[in-house]
Each structure stands twice: as C-alpha cells, then as structure tokens.
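Here are a few notes to read alongside the structure. I have kept each point short, so you can check it against the coordinates as you go.

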Amino acid sequence: MARAVACILTKLDETPQPGAALDSVIRHRLSLAYIAGGQRVPEDLHAPNATYLVDRALKGGQLATPYALEAEDWPLFAGVEAERTERRSQRAQAP
C-alpha cells in the first residue's frame, strides 16, 4: 500500500487553531510541501514556515476569526462533550 510522503495544509485563513492539523503532519511524519491561506492558487500557496506555524498553533483563540467559539458557545460545547463521555461510559458498562 502506498503511503503519503508529503502534504499541503489548506484553509489556514479559516482556522483559529491549526494545532490538530500540525499534530497529524508530525504524527504521520509527513513533509509539509506548502501551506495555503486563501482561495487563489497559486497566489495563496506559500512555503511552510515553522516559526509562523508554531506561533499560529499557540495563539489559538486569540486570533480574530468568524469560526472561533464565542464565550456563550462554550457551555454548549462542554455539554456535547459531557454527553459523549456519558455515552462512552454506558457502552463500556453494557454486557
């Protein structure tokens, strides 16, 4: 089976936290060929910059973006996660 050897991270302009994508790149030991931060190709394709990517990953929710959770959204998010955890524990206890 063929294995991916490189990847392109896209939609960096839309994500408030690229940490999960970077984790996948690192975990699967992929070369990062390009990053893209817009819809115009090739204008929005850029060579990866480790300093920039780490800075973006660590800033997280500090960046202004329409896709970030607002303060009033967090209880809903936490409720969904609590419900998932409860379902998992019920499945684990089922005979």
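1. **Reading the element names.** Helices (H or I, at least four residues) and strands (E, at least two) are DSSP runs, numbered from the N terminus. With that in hand, Asp-44 can be placed in the loop between strand 2 and strand 3. Please keep in mind that this is a predicted model.

2. **Overall layout.** The protein chain contains 3 helices and 3 strands. Starting at the N terminus, the order of elements is β-α-β-β-α-α. Of the 95 residues, 17% count as buried. The chain exposes about 7600 Å², and carbon and sulfur atoms supply 56% of that area. Among contacts with a separation of 6 or more, 60% come from residues 24 or more positions apart.

3. **The sheet.** In what order do the 3 strands of the open sheet lie? They run 1-2-3, and the pairing is mixed. The edge strands are strand 1 (6–9) and strand 3 (45–46), each of which pairs on one side only. Strands of a sheet pair through backbone hydrogen bonds, in either a parallel or an antiparallel sense. Here strand 1 and strand 2 (residues 31–36) pair in the parallel sense, over 4 bridges. If you would like a residue pair to look at, Leu-9 has Ile-35 in strand 2 as its bridge partner.

4. **Two faces of strand 1.** In a regular strand the side chains alternate between the two faces of the sheet. Strand 1 shows this alternation: Cys-7 and Leu-9 point to one face and are buried, while Ala-6 and Ile-8 point to the other and are not. Leu-9, from the buried pair, is also the residue bridged to Ile-35.

5. **Around the start of strand 1.** Ala-4 sits in the segment before strand 1. Its relative accessible area is 46%, so Ala-4 is partly exposed. His-28 is 24 residues away from Ala-4 along the chain, yet their C-alpha atoms are separated by 8.9 Å. Ser-31 offers a second pairing of this kind: Ser-31 and Ala-4 are 27 residues apart in sequence and 9.2 Å apart in space, C-alpha to C-alpha.

6. **Ser-31 itself.** Ser-31 belongs to strand 2. Is Ser-31 buried or partly exposed? Its relative accessibility is 44%, and therefore Ser-31 counts as partly exposed. Leaving out residues up to four places away in sequence, Ser-31 touches Val-5, Ala-6 and Cys-7. Two of these contacts have already come up, with Cys-7 and Ala-6 pointing to opposite faces of strand 1.

7. **Asp-44 in its loop.** Asp-44 has a relative accessible area of 10%, which means it is buried. The side chain of Asp-44 reaches the backbone nitrogen of Gln-39 at 3.2 Å. Beyond its neighbours within four places in sequence, Asp-44 is in contact with Ile-35, Ala-36, Gly-37, Gly-38 and Gln-39.

8. **Salt bridges.** How many salt bridges does the structure hold? There are 2. One joins Asp-44 and Arg-40, with the closest N and O atoms 3.1 Å apart. Asp-44 counts as buried at 10% relative accessibility, whereas Arg-40 counts as exposed at 51%. In another, the side chains of Arg-27 and Asp-23 meet at 2.9 Å, N to O. Arg-27 and Asp-23 both lie in helix 1 (residues 19–27), 4 residues apart, about one turn of the helix. Arg-27 counts as exposed at 59% relative accessibility, while Asp-23 is partly exposed at 34%.

9. **A buried arginine.** Arg-56 is found in helix 2 (residues 50–59). Which side chain of opposite charge is nearest to Arg-56, and how far away is it? That is Asp-55, at 7.0 Å, and Arg-56 is buried yet has no salt bridge. The salt-bridge cut-off is 4 Å between a side-chain nitrogen of Lys or Arg and a carboxyl oxygen of Asp or Glu. The side chain of Arg-56 does, however, reach the backbone oxygen of Thr-15, at 2.5 Å. When you go through the model, this is a spot I would be glad to have you look at with me.

Key
Residues are numbered from 1 along each chain as its sequence is written. This is a predicted model: local features need pLDDT of at least 70, side-chain atom pairs count only at pLDDT 80 or more; totals for chains, interfaces and linings use all residues. Side-chain values use heavy atoms; hydrogens and water are left out. Buried means under 20% relative accessible area, exposed over 50%, partly exposed in between (1.4 Å probe, protein chains only). Lys and Arg count as positive and Asp and Glu as negative; His and the chain ends are not counted. A polar contact is a pair of N or O atoms within 3.5 Å; within protein, one must be able to donate a hydrogen and the other to accept it, and residues adjacent in sequence count only if both atoms are side-chain atoms. Two strands pair if DSSP finds at least two bridges between them. Contact means heavy atoms within 4.5 Å. Accessible areas come from the Shrake-Rupley method with a 1.4 Å probe; for residues, only the protein chains shown count as cover.
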